[in-house]
Amino acid sequence: MERAIEAANLTKYYGSFQAVKGVSFSVKSGEVFGFLGPNGAGKTTTIRMLTGVLKPNSGEIWVLGYDMLNEREKIKAREKTGIVPEMANPYVDMTAMQNLRLMGGLYGMSKREIEKRSVELLKTFGIYEKRNVKVRGFSKGMRQRLILAMAMIADPELYFLDEPTSGLDVISARLIKDVIREEKRVGKTIFLTTHNMDDANELCERIGIIRRGELIAIDTPEKLKQLVKGRVSVEVSFEPMRFDPSILSSALNVETMGDKVKIYTDNPDKTVKELVRYAEEKNLHIVSLRTLSPSLEDVFMELVGGRDD
Ligand SMILES: Nc1ncnc2c1ncn2[C@@H]1O[C@H](COP(=O)(O)OP(=O)(O)O)[C@@H](O)[C@H]1O
Ligand SMILES: [Mg+2]
């Protein structure tokens with residue numbers, strides 16, 4: 001199969017408020033596709049439509065070749081899909097193992113399959129020792145790992161993950177990212193929403209950027225970065241930290257960041273030379289000096305315009 005997800009002109013209103021405005025995209029089979037946007041942009045609304053939780057007001061959705069607006073086909077698509085909803089919670093009065101059994105049962109797996117797969121997943125996520133402990137006693141990170149394990153129980157071919165690492169401790173977030181990479185490696189398709197630029201940059205092969213319900217860009221992270229090619233920057237730190245921006249003829253913009261200065265430039269060679277000359281003249285020690293390509297954050301700021309809406 002070529003396309004795992006196809007969305008055409010998706011539109012969703014809450015009352016008279018239009019949360020998603022004619023969004024169209026497709027996700028290739030085997031791809032990690034990131035849906036990136038600030039809070040309130042319409043990511044969760046979109047993922048809920050894609051997974052058949054919400055009905056769009058208009059538009060079309062195909063998941064694994066099934067028409068999601070047809071109830072029967074929707075069920076067939078869901079059998080092959082693992083879903084991590086936004087802020088999901090396992091049942092806290094049940095143990096990790098019981099939660100996995102419940103989920104495996106919903107997917108129609110046999111008892112033996114469920115036991116075998118659960119042990120594997122509990123080990124992968126580092127919660128095997130806690131398998132018979134009630135989830136009530138789990139930290140947020142452990143709960144989210146269990147949620148991921150539950151989504152993976154039936155070895156689905158496609159995942160929908162809504163901010164899977166949001167607000168987690170570093171170790172849980174790292175573990176979840178490693179698992180996402182491993183699932184990609186074995187050929188799974190992953191649709192992931194995030195407001196975290198670093199996660200999108202690390203994990204995704206293609207990214208759609210959504211803002212106020214509109215898809216404003218869609219491409220690979222590197223190609224998105226080329227959109228702001230002029231925004232190369234040079235970061236420098238002097239000891240003692242003294243700096244006069246007026247010495248630079250090559251700077252487009254200067255930002256002070258803690259003990260460093262970041263200089264945006266379209267001529268990094270000239271900027272570096274000017275900085276070195278300045279340090280020599282003023283007898284300053286250069287603690288660090290590096291040239292930075294535009295980050296996905298730069299792209300995002302350029303497209304979203306710095307407004308957090
Ligand atoms: N059930 C709802 N009723 C009314 N408005 C909603 C509802 N859910 C979300 N919204 C609004 O729709 C917009 C998009 O929300 P959401 O899809 O949750 O964004 P994101 O996941 O990108 O943060 C926001 O302005 C939000 O306040
Ligand atoms: Mg959301």
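# Exercises on a predicted model

Phenylalanine 238 is tucked away: at 2% relative accessibility, this residue counts as buried. Keep in mind that the model you're looking at is predicted. Grab the structure and let's work through some exercises.

## Exercise 1: Rings around Phe243

Work out how the ring of phenylalanine 243 is placed against the rings of phenylalanine 238 and tyrosine 278.

**Solution.**

Step 1. Start with the whole structure, where a search finds nine aromatic pairs.

Step 2. Take phenylalanine 238 and phenylalanine 243. Their ring centres are 6.3 Å apart and their planes meet at 35 degrees, so this pair is tilted. The cut-offs explain the label: planes under 30 degrees apart would be stacked and over 60 edge-to-face, with the rest called tilted.

Step 3. Now go from phenylalanine 243 to tyrosine 278. Here the centres lie 5.9 Å apart with 90 degrees between the planes, which makes the pair edge-to-face.

Step 4. Place this second pair on the chain. Phenylalanine 243 is in the loop between β11 and β12 (251-257), while tyrosine 278 is in helix α9 (residues 268-282), and 35 residues separate them.

Step 5. Check the burial: phenylalanine 243 and tyrosine 278 are both buried.

Extra: elsewhere, ring pairs link Phe25, Phe33, Phe35, Phe160 and Phe191 into a cluster.

## Exercise 2: Who holds the magnesium?

Which protein residues are donors of the magnesium ion (ligand 2), and where do they sit?

**Solution.**

Step 1. Find the donor atoms. They are OG1 of Thr44 and OE of Glu86, at 2.0 to 2.2 Å from the ion.

Step 2. Locate the two residues. Threonine 44 belongs to helix α1 (residues 43-50), and glutamate 86 to the loop between β6 (81-84) and α3 (96-106). They are 42 residues apart, so the pair links distant parts of the chain.

Step 3. Compare each residue with the 20% cut-off for buried. Threonine 44 has 13% relative accessibility and therefore counts as buried. Glutamate 86 has 31%, so this residue counts as partly exposed.

## Exercise 3: Three salt bridges

The whole structure holds 22 salt bridges. Describe three of them: glutamate 163 with lysine 43, arginine 136 with aspartate 93, and arginine 290 with glutamate 235.

**Solution.**

Step 1. Recall the idea: side chains of opposite charge can pair when their charged atoms come close.

Step 2. Glutamate 163 and lysine 43 meet at 3.9 Å, N to O. Because glutamate 163 lies in the loop between β7 (158-162) and α6 (170-185) and lysine 43 in helix α1, this bridge ties together parts 120 residues apart in sequence. Both partners are buried.

Step 3. Arginine 136 and aspartate 93 meet at 2.5 Å, N to O. Arginine 136 is in the loop between α4 (111-124) and α5 (140-152), and aspartate 93 is in the loop between β6 and α3, so the bridge ties together parts 43 residues apart in sequence. With a relative accessible area of 51%, arginine 136 is exposed. Aspartate 93, at 48%, counts as partly exposed. The cut-off for exposed is over 50%.

Step 4. In the bridge between arginine 290 and glutamate 235, the closest N and O atoms are 3.0 Å apart. This one links two strands: arginine 290 is in β14 (residues 285-292) and glutamate 235 in β11 (residues 232-239), 55 residues apart. Arginine 290 counts as partly exposed at 46%, whereas glutamate 235 is buried at 6%.

Step 5. Salt bridges can also share partners: Lys116, Arg117, Glu120, Asp155, Glu183 and Lys188 are joined into one network this way.

## Exercise 4: A nonpolar patch

Which residues form the nonpolar patch on the surface?

**Solution.**

Step 1. The members are Tyr91, Leu102 and Leu106, and together they have about 350 Å² of accessible area.

Step 2. Zoom in on leucine 102, which is found in helix α3. Its relative accessible area is 38%, so leucine 102 is partly exposed.

## Exercise 5: The whole chain

Sum up the protein chain: what are its helix and strand counts, its span and its share of buried residues?

**Solution.**

Step 1. Count the elements: 10 helices and 14 strands.

Step 2. Read off the span of the C-alpha trace along its principal axes, about 75 × 45 × 35 Å.

Step 3. Of the 309 residues, 46% are buried.

Step 4. Look at the surface: about 15,700 Å² is accessible, and 48% of that belongs to carbon and sulfur atoms.

How values were computed:
Residues are numbered from 1 along each chain as its sequence is written. Chains are lettered from A and ligands numbered from 1 in the order in which they are written. This is a predicted model: local features need pLDDT of at least 70, side-chain atom pairs count only at pLDDT 80 or more; totals for chains, interfaces and linings use all residues. Side-chain values use heavy atoms; hydrogens and water are left out. Donors are N, O and S atoms within 2.8 Å of the metal (3.2 Å for Na, K and Ca); water is not among the atoms, so sites may look incomplete. Helices (H or I, at least four residues) and strands (E, at least two) are DSSP runs, numbered from the N terminus. Buried means under 20% relative accessible area, exposed over 50%, partly exposed in between (1.4 Å probe, protein chains only). Patches are made of residues with over 30% relative accessible area and no salt bridge: like charges are joined within 9 Å, nonpolar side chains (Val, Leu, Ile, Met, Phe, Trp, Tyr) within 5 Å. Accessible areas come from the Shrake-Rupley method with a 1.4 Å probe; for residues, only the protein chains shown count as cover. A salt bridge is a side-chain nitrogen of Lys or Arg within 4 Å of a carboxyl oxygen of Asp or Glu. Rings of Phe, Tyr and Trp (its six-membered ring) pair if their centres lie within 6.5 Å; planes under 30 degrees apart count as stacked, over 60 as edge-to-face and the rest as tilted.
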